[in-house]
Each structure stands twice: as structure tokens, then as C-alpha cells.
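Me: I have a structure to go through before I set up some calculations. Could we discuss it step by step?

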Amino acid sequence: MSGKNRFVLNMTDGDPYKLLLKFAVPLFIGNIFQQLYNMVDSIIVGNYVGTDALGAIGTTGSLYFFFFSLVGGLSMGIGIIIAQYYGAGEHKQVKNTIGNAVWVIMSCAFLMAAIGFFFARPLLVFLNTDPRILNDAVNYLRVTSIGIICIGMYNGVANILRALGDSKTPLKFLIFSSILNGCLDLLFVLVFHMGVIGAGAATVFSQFISAITCMIYAYRTNTYFRLKWNNFKIQPELIRKAARLGVPVALQNALIAVSLIALQRIVNSYGKTFTSAFTVVSRIEQLVQQPFMSLGAAMSTYTGQNIGAGKLKRVLRGFKANSLISSTFAICVMILFWIFAPYIVLIFGDDPQVRSIAVDGLRITSSFYIFLGMIYTTRNVLNGAGDAMFSLLSGFVECIGRVVVAYPLTLIPFMGKYGVFYATGITWFLNGMFSFVRYKRGKWKKMNVVNKVIDSKPMAENTGE
């Protein structure tokens, strides 16, 4: 079956460096365009609406991430199952898993969208959002919460395609929808003067187009998506498996979101200028994280397929290759930001106070990027192998790092409000070390979700190339 799918990539044979980069590069380009959604919103709003509106958008980021965390976690869990089924050659079960994924992902997406829409104001009030930007923040969060349904559809399809080794198809539609988002931002904000509501509406509509077109194209070009009615029959074992793998990831994301919410509450207490500067740093860091995320997603698919095929040594080789690539990137970006940060932050506006704070914040956090790369590499090896409990433990570590460390650091005289940036870096360090220790302990080597748990077959003894 897979021979008919020219975009599907079998990662159980070949050089790990080439396979990881072949998978990660299209995904990286796609992630860059994905981030352009929020980047374009912030750039256009910051330059043409004002600093207050930019702060309003920034203060909603952690809440939006929290609402989407369950959908994203379940999508990832489903992707792990599909990758291992594909590696094991179980093509029928790949289709059944895709069919069940529709029910799981869309149910969660509608639920979280409703929560985000109806509870936007009380949650933003709880975050100490500056009253001058509260209404704009509420409106932006309500509009983008509706978009969780659209982005849930897209992420579901994209995670399935990536589990099959196809990182090119999602890229095509991300590029198109990102360009559409930019055009609509200009239209709604500059022409129709809709402010932050226009920026949010442009994002949601673009996400909807991306989801629909990607689903249609996947159906036409990938035989795994040509499902029959029996593939949509609910299989409790598959749903339980998706929940066992996906819920811990979702809870991890939720804990990270809680930590970001707590951090945002501290940031908001310093006023709209610091909130806007923190937004600038956050937007740039979201862009920087894309290569790490892309390599991590490649590592997850690579691990899942090879664990499913019983090729453990290939996973170890892939880990070393991924670590070298991500560490090299982290060092290069750190040097770049220390030199050119004053010029980079200018794209978000020319407010001198916002610019000064953002430059310092960017230099502080970039010094910890190597640990951020370590998190993505080790986390995705463990996730790809099916080490579900690690995700939850990792979320606790990240939550503790931000919630416990951030406020005390702001009390240190030479840090003050910049303690929130140091807290981010220290959190990456703690989580990176924890992830690496978990990887070295090797429990993940004995896991095989497909053969061991679903099919009740012993894991293959083949650990060769």
C-alpha cells in the first residue's frame, strides 16, 4: 500500500542524518509559516494599531496554548500509534486509527473552543490584565478560541501525515494559508480598521482554509486517507491507547500552559510596556523554537517507526545525530541574538522602552537555547517510543520551574523584573537535564506500543540496522 504514496517516508532504513534532515527541513519551513500567523498579527497590530493592542494580543498567548493543549496532546498520541503501526507493516490498523482519530480530535476541539470563548474575560481578569487592554484581549481570545476547531482539524491531519513520514504535504497548505493570513490582516486591520478582532478573524479564516485544503489533498494523494465506513467504527482499544499516550502529553502541555499563565500574571503586574516587550521576546522565541520542534517531530516519527520495526540501534544513532544538529543551531542563534538583537526587535515597532527591555530579555533567554534543544530531542525519543508518563513528569518540572522560580528571581535586586526571563532559561535547563536523565535510564528501550500492548505480540529482537 505504501508504495502508492510518493510522499510517505520509511525511516527504518538509511542514514539517520539524511532522514532526519529530509523530514525536518520541510517541517521547519512549514512551522516558520505557522508562526507567521501570530508574527504577522503582532507586527501589523504593533505598527498600525499601537503598543496597547500588541500587549492585548500577547497576554492571551498562554491561555490559548492551555485551551489547545488537550487537542494537541491527543493528536500526538494518535501520531505515535500510527508511526508504530506503519513501522510494523500493519496497514489496516493505520486506517482504523485515522478513522477513530476523527472522533477523538474533533470532540476535544469543540469542547476547548467553547471553554475559551465563554470564559475569556474572567480568566484574563484573573491574570491581572491591564484594564486598558482588557477588552481588546478578551475580543482577540474569543475569536482565536473559535479557531481551535480549525487548527485541531489541521493538526490532526498533519500529525497523521508526519507519522507516515510525510512532512511535505502540510507545508504546502501552511505556506498558502500564511500568505492568506497576511493579506487578510492588512485588509481587516488597515482597510476595515477592525483592530485586534480583525487580526484574530484573519488567523481563524486562514486556519480553516489550511485545514480543509490539506484534508482534501491528503485524501487525493495518500491511500491511507481513503477510508471506508468501517474504519470510522469506534474501537475502544484504539481510543484507550490514544488516551494513554495523548492525555499525558496533553497534561504536560496544560502544565506548561499553567506555568506560562503564572508567568504572564507576573509580567502583567509590571504594566503594559513590560507586557508588550515580553510579547516581542515571546514571538521571536516562538520562531526560534521551530527548528527544535521540527527536529523533535522528525525524531518522534523516526523513533516510532524504528521501535515498531524493532530496530533499537537506529534510534540510538538518530538521537546522537539530532543532538548534534540542534546544539549547533542553538549556539549559532545565541551568537546572532547577542549581536543583532537591537535590530531584530525593531520589526515590532520603535517604542524605545519596549525595545530596550526586549533586547535584554532576548539576550538572556538565548543563552539557554542549547537546553531547549536538548528538551525537544530527548522528549521526542521518549514520546516516539511510547513513554507516556515522562510527558506528564516533564510538565511538572516545567511548571515548577516557572511557578516556583519566577517570582523569587524578581525579588533579587540586580534582576528585578528581568527575573521572568531568567526563570524561562532556568526552566529550560532543569527540564533539559531531567529529560536527558530519563533518556539515559533506558526504560523507553523496552517499550513497543503496537506489538506489546495492542497486538499482544512480543517486541521483535532485531536491534540491528
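Me: Let us begin with Cys108. Is Cys108 buried or exposed?

Reply: Cys108 counts as buried, because its relative accessibility is 13% and the cut-off for buried is under 20%. Please keep in mind that this is a predicted model.

Me: Which cysteine sulfur is nearest to that of Cys108, and how far away is it?

Reply: The nearest is the sulfur of Cys150, 16 Å away, and Cys108 is in no disulfide. The structure as a whole holds zero disulfides.

Me: What about Cys183: which cysteine sulfur is nearest there?

Reply: For Cys183 the nearest cysteine sulfur is again that of Cys150, at 18 Å, and Cys183 is in no disulfide either. Cys183 is partly exposed, since its relative accessible area is 48%.

Me: On to packing. How many residues are in the largest nonpolar core, and which have the most contacts inside it?

Reply: The largest nonpolar core has 54 residues. Val71, Ile78, Ile82, Val94 and Leu124 are those with the most contacts inside it.

Me: Which helices supply at least two residues each of this core?

Reply: They are α3 (61–88), α4 (91–118), α5 (120–126), α6 (131–163), α7 (169–191), α8 (195–221) and α9 (236–268). The most comes from α6, which gives 15 residues.

Me: Is there another core apart from this one, and how many residues does it have?

Reply: Another core, of 39 residues, lies apart from it. Leu54, Val281, Ile364 and Leu409 are among its members.

Me: Back to Val71. What is it in contact with, leaving aside neighbours within four places in sequence?

Reply: With those neighbours set aside, Val71 is in contact with Ile105, Cys108, Ala109, Met112, Ile148 and Gly152. Cys108, discussed above, is therefore one of the contacts of Val71, and it counts as buried at 13% relative accessibility.

Me: Met112 appears there too. Where is it found, and is it buried or exposed?

Reply: Met112 is found in helix α4. It is buried, because its relative accessible area is 9%, with the cut-off at under 20%.

Me: And which residues does Met112 contact, again leaving aside neighbours within four places in sequence?

Reply: Met112 is in contact with Phe66, Phe67, Leu70, Val71 and Ile148. Ile148 is also in contact with Val71.

Me: What separates the C-alpha atoms of Met112 and Gly200?

Reply: They are separated by 17 Å, and the two residues are 88 apart along the chain.

Me: Now for empty space. How many cavities of 30 Å³ or more are found?

Reply: A search of the whole structure finds two. The second largest has a volume of about 40 Å³.

Me: What lines the second largest cavity?

Reply: Its lining consists of Ile78, Ile81, Thr97, Asn100, Ala101, Val104, Leu238, Ile239 and Ala242. Seven of these residues are nonpolar, two are polar and none is charged. Helices α3, α4 and α9 each supply at least two of them, and α4 gives the most, with four. Ile78 is also one of the residues with the most contacts inside the largest nonpolar core.

Me: Lastly, how much space lies in the largest pocket, and which residues lie nearest its centre?

Reply: The largest pocket holds about 380 Å³ of space. It is lined by 16 residues, and those nearest its centre are Ile98, Val102, Val157, Met215 and Phe225.

Me: Which helices contribute to that lining, and how do its residues divide by polarity?

Reply: Helices α4, α6 and α8 each supply at least two residues of the lining. The division is 14 nonpolar, two polar and no charged.

Methods:
Residues numbered from 1 in each chain as written. Predicted model: local features only at pLDDT ≥ 70, side-chain atom pairs only at ≥ 80, totals over all residues. Heavy atoms only, no water. Core = buried A, V, L, I, M, F, W, Y, C linked by side-chain atoms within 4.5 Å. Buried < 20%, exposed > 50% of the residue type's maximum accessible area, 1.4 Å probe, protein only. Contact = heavy atoms within 4.5 Å. Disulfide = S-S within 2.5 Å. 1 Å grid on protein atoms, 1.4 Å probe; cavity = no way out; pocket = protein on both sides within 12 Å on 5 of 7 lines; lining within 4 Å. Points joined across faces, edges and corners; volume = space filled by probe spheres on them. Nonpolar A, V, L, I, M, F, W, Y, C, P; charged D, E, K, R; others polar.
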